[in-house]
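Visitor: Could you walk me through this model and tell me how each label is earned?
Guide: Gladly; have a look first, and then ask away.

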Amino acid sequence: MLLLASVAPDDGGRGVVEALLQWMAKCGNEVRTEPFLSYGFNSIADMTGRASEYPLADISEADVDRISSRASRLANASDEVIAQFVRDLMEELIAVEFDRVCCRCGETYMRAYIGVSRSLPAFQCDTCGYGEFLDGSSLSGESLKFISLKEMDAYGLHS
């Protein structure tokens with residue numbers, strides 16, 4: 001399922017991300033329709049062929065095996081379930097965690113993204129969902145996409 005069967009345990013996060021992007025490329029415009037659009041697949045699909053431009057989490061061989069096993073159980077799942085699985089997995093692997101305290105719940109880290117309209121780094125809490133831009137202003141409905149290494153460097157962000 002999702003081409004993850006071809007990912008070797010020692011391929012790590014990069015192998016998983018590249019396999020997911022290849023799967024999305026094979027799906028073509030199908031992943032640019034609902035329910036995939038609701039899960040941000042437009043921005044994810046635009047990363048095809050550019051995985052090296054994004055920060056990736058270090059994951060163990062056991063993590064790759066666990067991810068592949070979960071993916072294999074999705075063979076007969078609905079598009080909604082597949083879309084959520086892929087989006088959550090991409091967030092886990094690409095959305096970098098920063099030491100930034102959430103002002104709503106007190107969580108000690110937030111994930112970094114970039115605003116689609118404002119092109120400003122944004123941070124979102126995994127625990128409560130609160131988000132804010134680098135300057136502290138509210139996201140107020142802003143769409144987010146994964147922040148690239150180049151964008152992180154431009155704003156002096158290092159995880």
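**How the labels are earned**

Guide: Let us start with E142, which sits in the loop between β4 (131-133) and β5 (144-146). Please keep in mind throughout that this is a predicted model.

Visitor: What makes E142 count as buried?
Guide: The relative accessible area of E142 is 16%. Buried means under 20%, so E142 is called buried.

Visitor: Which residues does E142 touch, leaving out those up to four places away in sequence?
Guide: E142 touches G115, V116, S117, R118 and F133. Contact here means heavy atoms within 4.5 Å. As for A57, the C-alpha atoms of E142 and A57 are separated by 25 Å, and the two residues are 85 apart along the chain.

Visitor: How do you know that R118 lies over the face of F133?
Guide: R118 is at 4.3 Å from the ring centre of F133. The distance limit for a charge over a ring is 6 Å, and there is also a limit of 35 degrees from the ring normal. The distance fits that limit, and R118 is listed as lying over the face of F133.

Visitor: Why is S140 called exposed?
Guide: S140 has 66% relative accessibility. Exposed means over 50%, so S140 earns the word. S140 lies in the loop between β4 and β5, and has a positive phi of about 30° although it is not a glycine.

Visitor: And why is S119 called partly exposed?
Guide: The relative accessible area of S119 is 41%. Partly exposed covers the range between the 20% and 50% cut-offs, so the label follows for S119. S119 also has a positive phi without being a glycine, about 50°, and its place is the loop between β2 (110-115) and β3 (121-124).

Visitor: What makes the peptide bond between E34 and P35 cis?
Guide: Omega is about 5° for the bond that joins E34 and P35, and the bond is listed as cis. P35 lies in the loop between α1 and α2.

Visitor: Why are F36 and F41 called a tilted pair?
Guide: Their ring centres are 5.0 Å apart, with 55° between the planes. A pair needs centres within 6.5 Å; planes under 30 degrees apart would be stacked and over 60 edge-to-face, so an angle in between is tilted. F36 and F41 are both buried, and the structure holds three aromatic pairs.

Visitor: Which residues have the most contacts inside the largest nonpolar core?
Guide: They are V16, F41, M90 and F146, in a core of 34 residues. The elements giving two or more residues to this core are α1 (12-27), α2 (41-45), α3 (61-72) and α4 (79-94). The largest share, eight residues, comes from α4. A second, separate core has twelve residues, including C102, I114, F123 and Y130.

Visitor: What does F146 touch, beyond residues up to four places away in sequence?
Guide: Among the contacts of F146 are I44, M47, Y54, M90, I94 and Y113.

Visitor: How is the packing of α1 and α4 described?
Guide: Two packed helices are described by the angle between their axes and the distance between the axes. For α1 and α4, the angle is about 145° and the axes are 11 Å apart. The crossing of α1 past α4 is left-handed. G13, V16, V17, L20, L21 and W23 in α1 meet I82, V86, L89, M90, L93 and I94 in α4.

Terms used. Residues numbered from 1 in each chain as written. Predicted model: local features only at pLDDT ≥ 70, side-chain atom pairs only at ≥ 80, totals over all residues. Heavy atoms only, no water. Core = buried A, V, L, I, M, F, W, Y, C linked by side-chain atoms within 4.5 Å. Buried < 20%, exposed > 50% of the residue type's maximum accessible area, 1.4 Å probe, protein only. Helix = DSSP H or I, 4+ residues; strand = E, 2+ residues; numbered from the N terminus. Phe/Tyr/Trp six-rings, centres within 6.5 Å; stacked < 30°, edge-to-face > 60°. Axes fitted to C-alpha atoms, helices over the stretch in contact; angles between N-to-C directions. Left-handed = near helix turned anticlockwise from the far one by under 90°.
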